[in-house]
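These are my notebook entries on one protein chain. I set down what I looked up and what I found.

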Amino acid sequence: MSSPESRRHDQSYKLLFSIPLAVDQLTRHFLDASLADELDFKRVEILATERVSAGLVRSHADLLWKIHFRGSRRHLLLAIEFQSAVDRYMAVRVHHYVVTAYHGMTAAKAQGDELAPGGGLPPTLAVTIYNGKTRWTAARDILELIDPVYGWLAARQPGLRHEVLDLRDRARHPLPKANVVSWIASLELDPSPDNVSRVVHRVLERYPGAKHARLREAFREWVLGAAASWGIGEEVLEEVKSLKEAEMIYAGVEELKEQYRERSERARVEGRAEGRAAIVCRLARLKFGAETAEPLSRLLEGVADPERIARIGDRIIECETGVELLASVRRTVGPDV
């Protein structure tokens, strides 16, 4: 089961790329500008993402767009997937989603307008948007995953390429300005309070009003997902109704983390293990509550090494629950509380 913060993160991407403006900017500035010029982003439709094959196997893609070519009845099938980890066989998954969508279009009960004029299948473009910490290394074409053959048989192997937008890697290079995809890539590479504030201000300035409410909501969900990773309660996050409020919540969380780092470093330099342990317990109380902080305090009573306490402090940031934190500390310092 995914955590609340990962669900918010996923939701932020689905919200953002279910907006024609974001898909237009994705295509125009990160894929192919000439293709974007051919497409009419005012004549778009999101298709059902769940398909059932002939063997009753369910397939659930992230997003499927139907985008008409300008001045034409023809359209493009755009499949967008979101990944936070490298999947060696992602090209197989993408191939499956596209073929399953095609199968659904050709089924007896399919809507006729899903097919191209004359009953042809629409051209497809598959895009994987990746926000993981390591660079994307997996195959981008299913053909790369098939054991090589030559001659007559080679021409009969399936091929389907999916474009991969590695957000963090792309953000290390100059990005198109005033672009929502650029902003989300910037957040993935640099989630510092200063950068979050900078992006929030740009979104609010460029996209105000009811027309762009869903776009602002997408960025709000991204910011709240980042804040939730520090343990801000769901009941608190649910009260955050605007992107500006989300920015303030996130800035407060990051300020708390920075205070912890500064105090920990000061305690390390001064060599006061006792003071550092108190800081660690106070941070544990803020994140997990007294039921975690009190047993943690007893566990740290016999720990005199500042570096050891610092490592335990790092675990507060890394652990998702107080139970996980205490179990980790007990393995380090012993079971007696």
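Which polar side-chain atom lies 2.8 Å from the backbone nitrogen of valine 180? I looked this up first and found that the atom belongs to the side chain of glutamine 25. I note at the outset that the model is predicted.

**Entry 1: the chain as a whole**

I counted the elements of secondary structure and recorded 14 helices and seven strands. The chain has 337 residues, of which 46% are buried. I then looked at contacts between residues at least 6 apart in sequence, and 62% of these join residues at least 24 apart.

**Entry 2: glutamine 25**

I placed glutamine 25 in helix α2, which covers residues 20–31. Is this residue buried or exposed? Its relative accessible area is 10%, so glutamine 25 is buried, the cut-off being under 20%.

Besides the backbone nitrogen of valine 180, I found a second polar partner for the side chain of glutamine 25, namely the side chain of tyrosine 207, at 3.3 Å. Leaving out residues up to four places away in sequence, I listed what glutamine 25 touches: Phe30, Ala178, Asn179, Val180, Val181 and Tyr207.

**Entry 3: helix α6 and its start**

Valine 180 led me to helix α6, residues 180–189. Nine of its ten residues are buried, so I describe α6 as largely enclosed by the rest of the structure. The buried residues are Val180, Val181, Ser182, Trp183, Ile184, Ala185, Ser186, Leu187 and Glu188.

I next examined the start of α6. There a side-chain oxygen of asparagine 179 comes to within 2.8 Å of the backbone nitrogen of valine 181.

Alanine 178 sits in the loop between α5 (167–171) and α6. With a relative accessibility of 30%, alanine 178 counts as partly exposed. I checked its backbone as well: phi of alanine 178 is near 50°, a positive value in a residue other than glycine. I compared this with the general rule that most residues other than glycine have a negative phi.

**Entry 4: α2 against α6**

How do the axes of α2 and α6 cross? They come within 8 Å of each other and cross at roughly 85°. The two helices are therefore roughly perpendicular. On the α2 side I found Ala22, Gln25, Leu26 and Phe30, and these meet Val180, Val181 and Ser182 of α6. I sorted the residues of this contact into five nonpolar and two polar, with no charged residue.

**Entry 5: α14 and two partners**

I then turned to α14, residues 322–333, and its packing with α13, residues 306–318. Their axes are 10 Å apart and the angle is about 160°. I therefore recorded α13 and α14 as roughly antiparallel. The crossing of α13 past α14 is right-handed. The contact uses Arg308, Ile312, Arg315 and Ile316 of α13, and from α14 Glu324, Leu325, Ser328, Val329, Thr332 and Val333. By type, this contact has five nonpolar, two polar and three charged residues.

What angle does α12 make with α14? The axis of α12 (residues 290–300) comes within 10 Å of that of α14, and the two cross at roughly 5°. This makes α12 roughly parallel to α14. The residues in contact are Glu291, Thr292, Pro295, Leu296 and Leu299 of α12, with Gly322, Leu325, Leu326, Val329, Arg330 and Val333 of α14. I counted them by type as seven nonpolar, two polar and two charged.

**Entry 6: arginine 135**

My last entry concerns a loop residue. Arginine 135 lies between β6 (124–130) and β7 (162–166). Its relative accessible area is 51%, so arginine 135 counts as exposed, for which the cut-off is over 50%.

What does arginine 135 contact beyond its neighbours within four places in sequence? I found Val86, Tyr130, Asp166, Asp169 and Arg172. With one of these, aspartate 169, the side chain of arginine 135 forms a polar contact of 2.7 Å. I also noted leucine 167, which is 32 residues from arginine 135 in sequence and 9.3 Å away in space, C-alpha to C-alpha.

Key. Residues numbered from 1 in each chain as written. Predicted model: local features only at pLDDT ≥ 70, side-chain atom pairs only at ≥ 80, totals over all residues. Heavy atoms only, no water. Axes fitted to C-alpha atoms, helices over the stretch in contact; angles between N-to-C directions. Helix = DSSP H or I, 4+ residues; strand = E, 2+ residues; numbered from the N terminus. Parallel < 35°, antiparallel > 145°, perpendicular 65-115°, else oblique. Left-handed = near helix turned anticlockwise from the far one by under 90°. Contact = heavy atoms within 4.5 Å. Nonpolar A, V, L, I, M, F, W, Y, C, P; charged D, E, K, R; others polar. Buried < 20%, exposed > 50% of the residue type's maximum accessible area, 1.4 Å probe, protein only. Polar contact = N/O pair within 3.5 Å; in protein donor to acceptor, adjacent residues only side chain to side chain.
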